[in-house]
Amino acid sequence: MKITNEEVSTKEIFETKPVPSALAKMAVPTIVSQLITLIYNIADTWFIGQTNNPYMVAASSLVLTIFLMITAIANLFGVGGGSLVVRLLGSKDEEEAQKVASLSLVMAAGSALAFSILCFIFMNPLLRMLGASDNTIGYARQYLIFVVVIGGLPTVLANTMSAMVRNIGYSREAGFGLGMGGVLNVVLDPVFMFVIFPDGYQVAGAAVATMLSNVITLGYFVLVYRRLKGKTVLLLPRSIERIRRESLGSLFSVGIPAAMSLLLFDLTNIVINRLMAGHGDIELAAIGIVLKVERLPLNIGIGICLGMTPLVAYNYASQNHKRMKEFFAAARRAGLIVSVLCVIFYRVFAPYIMQAFISDADTVRYGTEFLQSRCFATPFMFLSFHMVHFMQAVDRGKISFELAVIRQICLNIPILFLMNALFGVGGIVWTQLIADAVNVIISYVIYGFKITEITSGLK
């Protein structure tokens, strides 16, 4: 493969560019795209909230948990395949990297189609299981049909391709694609909700806007792949590639934990929604808004971690462990600064934030209390998934999965049930802080035991 000036510049980011500059180069476009993605997710809730119908808000919050499952599929092949591709590039195995990138897209498409079909077949029992009531299930069906059943495939492929593009050093192109999709969603939301669709179908309008924006985003990444053909290892697949057994094992050893981590996070949200639904639809609507609003620092943190991951992975594979550790530490500092600033912001402005989404007084009151309490968990939440991303980057998928299990299955979910039984709604809200504070302590104890093994190249 002929080396171009563009490739040399990309290689400099991984190998020689000062750590803060390299991290900023990779992370800033990703943060911007994450923020725009957050805006379009919040925009759905905001526009639906303008109907002043808490049942519509609650319904869209319920389907969010299923939409996160779609994202988990993209994580399986985007994180698993993408991190393997960059490690193969770090060890100078470009031919295998090209095959892995191609096969990852094929498997992502097949998995997305299967999931969408299953959601269509089992739609009603699935929504009931998630906590849909007679007041919300009709609206939830509207959202699920367009966003997941029809829109699942383009969503998975767009996110998988974005991860591949970002991991080989083209963070700006990856960030622009996702950001463009977010902007389109915000523009299309009011058109479909209040102009094209009749009254009572605002949720369906928001869902169609999301689906179309993801279709257009997929089209953009197809064009990016074509532009990068011959310059990078990325190719649009024309056949099912055969890769080495150890490569397939490495892809799934990181990809499955990455997907399961998101599914476990999703499971926790399902539990929160179910427990809140037991207290009433108003409480469910309020926590639905809060769970989206609190994504501001988390999406910025995810952007930092996604920018860090390929840099850590490349330097781990090329055995530049000093530079690897520097990227890990720089990302941690940046994420903590953002988290603390957001805690202050939410404590001060929570009532105004809730009023911007919905004017129903009870929903605003509950939401304000929930947001002002849950915000204290933000720094600990960042440290938790920052460690998980690091473990994925250094090919320790098993450890990243164990950390996710500890966080959600061993801590978060049991504490949710306990706190709900003891303190009701307030107990549900404070669980996140307790669970993540304990999880961070456990994570760094594990890190202390494993870092020597990681830097020595042992498995």
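Hi everyone, let me start with a cysteine: the sulfur of C342 has its closest cysteine sulfur in C375, 9.5 Å away, and that is too far for a bond. C342 is buried, by the way, at 8% relative accessibility. C119 is buried too, with a relative accessible area of 4%. How many disulfides does the count come to? It comes to zero, taking a disulfide as two cysteine sulfurs within 2.5 Å.

Please keep in mind that this is a predicted model. So what about confidence? The mean pLDDT of the protein chain is 86, with 97% of its residues at 70 or more. Among the elements, helix α13 has the highest mean pLDDT, 93, and helix α1, residues 5-15, has the lowest, 65. Over residues 1-8 the pLDDT drops below 50, and in the model this stretch has 14 contacts beyond near neighbours in sequence. As a reminder, coordinates predicted with low pLDDT should not be read in detail.

Now to the inside of the protein. The largest nonpolar core holds 139 residues, and the members touching the most others are I66, V85, L127, L234, M276, F370 and F390. Which helix gives this core its largest share? That is α3, residues 54-90, with 21 residues. Let me pick out V85: leaving aside residues up to four places away in sequence, V85 touches A97, V100, A101, M164, I168 and V233. Apart from the largest core lies another one, of 10 residues, including I302, C305, A377 and F385.

On to the aromatics, where the structure holds 15 pairs. Take F77 and F252: their ring centres are 6.3 Å apart and their planes sit at 75 degrees, so this pair is edge-to-face. F77 belongs to helix α3 and F252 to helix α10, residues 245-277, so the pair ties together parts that are 175 residues apart in sequence. Are these two buried or exposed? F77 counts as buried, at 2% relative accessibility, while F252 is partly exposed, with a relative accessible area of 25%.

Next, have a look at F328 and Y447. This aromatic pair is stacked, with 5.3 Å from centre to centre and 25 degrees between the planes. Here F328 comes from helix α13 and Y447 from helix α17, residues 425-456, so parts 119 residues apart in sequence are tied together. Both F328 and Y447 are buried. They also belong to one aromatic cluster, together with F390 and Y444. You have met F390 already, among the residues that touch the most other members of the largest core.

Let me turn to helix α15, residues 378-393. Of its 16 residues, 15 are buried, so I would call this helix mostly covered. Its length works out as well: at 1.5 Å a residue the helix should span 22 Å, and the end C-alpha atoms are 23 Å apart, which agrees.

What follows α15? It is D395, with a positive phi near 65 degrees, in the loop that leads to α16, residues 397-423. D395 is not a glycine, and it is buried, with a relative accessible area of 15%.

Finally, compare Q319, another residue other than glycine with a positive phi, about 65 degrees. Q319 sits in the loop between α12, residues 295-317, and α13, residues 321-357. At 64% relative accessibility, Q319 counts as exposed, whereas D395 is buried. Thanks for listening, everyone!

Notes. Residues are numbered from 1 along each chain as its sequence is written. This is a predicted model: local features need pLDDT of at least 70, side-chain atom pairs count only at pLDDT 80 or more; totals for chains, interfaces and linings use all residues. Side-chain values use heavy atoms; hydrogens and water are left out. A nonpolar core is a set of buried Ala, Val, Leu, Ile, Met, Phe, Trp, Tyr and Cys residues joined through side-chain atoms within 4.5 Å. Buried means under 20% relative accessible area, exposed over 50%, partly exposed in between (1.4 Å probe, protein chains only). Helices (H or I, at least four residues) and strands (E, at least two) are DSSP runs, numbered from the N terminus. Contact means heavy atoms within 4.5 Å. The expected span of a helix is 1.5 Å times one less than its number of residues. pLDDT is the predictor's confidence in each residue, from 0 to 100. Rings of Phe, Tyr and Trp (its six-membered ring) pair if their centres lie within 6.5 Å; planes under 30 degrees apart count as stacked, over 60 as edge-to-face and the rest as tilted.
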